[in-house]
Amino acid sequence: MLAVIYSDEFLEHKTGRFHPEKPERISAIASALQDTSFAHQLEWRSPVTDSQRAIAWLKKVHSPHHIQSVRELATQGGGYLDLDTPVSPRSYDVALLAVNAWLDGIDYTLATNNPAFVLSRPPGHHAESDRGMGFCLFSNAAIAAHYALEQPNINRVAILDWDVHHGNGTQAIVEHHPQIAFCSLHQSPCYPGTGAAAETGAYNNVLNLPLPPGSTIADYQPVFETQVMPFLTQFQPDLLIVSAGYDANAADPLAEMYLQPQDYGLFTEFCLKITHRIVFGLEGGYDLPALSQSVVATIERCVF
């Protein structure tokens, strides 16, 4: 079994008619998963609704000013954190629920030793400690990593970010933490312009792997084999968190990579060689068919 942590409440983060990070993203994924041959092997779980739990963990990585800014903007009827990052009246509450969903993913995986997929929004890997940006309000993966380290017998947590954009927020929050490793494969040059290979973290716990526009699985696979796998294997994580963005697909409108949906199944196979304690959390991916098929490919490898 694999847990899919989902709520219709995630649809209530309204971004505007033409914004690429739209509610239909997770509706399309949910429908695609329910139509698979392995649908009976999925355990759909609703996230915990305790907002105080989420806020307590938000405070571990985000400044009070940033948390207050998002809350006040939502309370006032909405607005923008930056040109790309809208906040609607329900966005703060939905973002808290997303944090809880990522924490629930940690709880499930540690209790069962089985993977979980957190089908939530808004995404989080661009959110820094004191600001949201790039469609992201709060840094879900970094929060989840800090939470995991507070659980029994968890001493090391790795974060693998395969979104086409560098997870600048995640890196900035975790790069000074010796018990968290961060690895990112991303298009370069591309938004947000961070993620140089020379950035290695305070404890050699960061591995950035910038790839040129036009890269295909023929470029990604050897990078996984010769760099990602040795880095993660040497770190020996007790838990792996995947910032699962699917915007490196050839069909995606926001980047210039040429992956196909089935390629994410191969990425998942690599992850499973590290550990079966994996929490996948949705980040980017903006072409609905490619996004849905990619998530199906990811989860299919976990259940067979």
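**Reasoning through the H66 model**

User: Which backbone oxygen does the side chain of H66 reach, and what makes that a polar contact?

Analyst: The backbone oxygen of L137, at 2.8 Å. This is a predicted model. A polar contact needs N or O atoms within 3.5 Å, so a pair at 2.8 Å qualifies.

User: Where is H66 found, and why is H66 called buried?

Analyst: H66 is found in helix α3, which covers residues 64-75. Its relative accessible area is 2%. Buried means under 20%, so H66 gets the label.

User: Which residues does H66 touch?

Analyst: Leaving out residues up to four places away in sequence, H66 touches L81, E128, S129, D130, R131, G132, L137 and F138. Two of those, E128 and R131, also form a salt bridge with each other.

User: How do you know that E128 and R131 form a salt bridge?

Analyst: Their closest N and O atoms are 3.1 Å apart. The cut-off is 4 Å, so the pair counts.

User: What burial label does each partner get, and why?

Analyst: E128 has 18% relative accessibility, under the 20% limit, so E128 is buried. R131 has 42%, which falls between 20% and 50%, so R131 is partly exposed.

User: How many salt bridges does the structure hold?

Analyst: Eight. One of them joins the side chains of R90 and E9, at 2.6 Å from N to O. The R90 and E9 pair links distant parts of the chain, 81 residues apart: R90 is in the loop between β4 (85-87) and α4 (91-112), E9 in the loop between β1 (2-5) and α1 (24-34).

User: Why are R90 and E9 called partly exposed?

Analyst: R90 has a relative accessible area of 31%, and E9 has 33%. Both values sit between 20% and 50%, so partly exposed is the right term.

User: What makes R53 and D104 a salt bridge, and are these residues buried or exposed?

Analyst: Their side chains meet at 2.8 Å, N to O, which is within 4 Å, so they count as a salt bridge. The pair bridges helix α2 (residues 51-61), home of R53, and helix α4, home of D104, 51 residues apart. R53 is at 16% and D104 at 11%. Both are under 20%, so both are buried.

User: Which residues are linked in a network of salt bridges?

Analyst: E21, R25 and R121.

User: On to the rings. How many aromatic pairs are there, and why is F135 with Y286 called edge-to-face?

Analyst: The structure holds 16 aromatic pairs. The ring centres of F135 and Y286 are 5.7 Å apart, within the 6.5 Å cut-off, and the planes are at 90 degrees, over 60, so the pair is edge-to-face. This pair links parts of the chain 151 residues apart. F135 is buried at 13%, and Y286 is buried at 11%.

User: What makes Y246 and Y264 edge-to-face?

Analyst: Their planes are at 65 degrees, over 60, and their centres are 4.7 Å apart, so that label applies here too. Y246 lies in the loop between β9 (239-244) and α8 (263-274), and Y264 in helix α8. Both are buried, and both belong to a cluster linked by ring pairs, whose members include W162, Y220 and F280.

User: How do you know that the charged end of K60 sits over the ring of W57?

Analyst: The charged end of K60 is 5.3 Å from the ring centre, and the distance limit is 6 Å, so that criterion is met.

Note on methods
Residues are numbered from 1 along each chain as its sequence is written. This is a predicted model: local features need pLDDT of at least 70, side-chain atom pairs count only at pLDDT 80 or more; totals for chains, interfaces and linings use all residues. Side-chain values use heavy atoms; hydrogens and water are left out. Helices (H or I, at least four residues) and strands (E, at least two) are DSSP runs, numbered from the N terminus. Buried means under 20% relative accessible area, exposed over 50%, partly exposed in between (1.4 Å probe, protein chains only). A polar contact is a pair of N or O atoms within 3.5 Å; within protein, one must be able to donate a hydrogen and the other to accept it, and residues adjacent in sequence count only if both atoms are side-chain atoms. Contact means heavy atoms within 4.5 Å. Rings of Phe, Tyr and Trp (its six-membered ring) pair if their centres lie within 6.5 Å; planes under 30 degrees apart count as stacked, over 60 as edge-to-face and the rest as tilted. A charge sits over a ring if NZ of Lys or CZ of Arg is within 6 Å of the ring centre and within 35 degrees of the ring normal.
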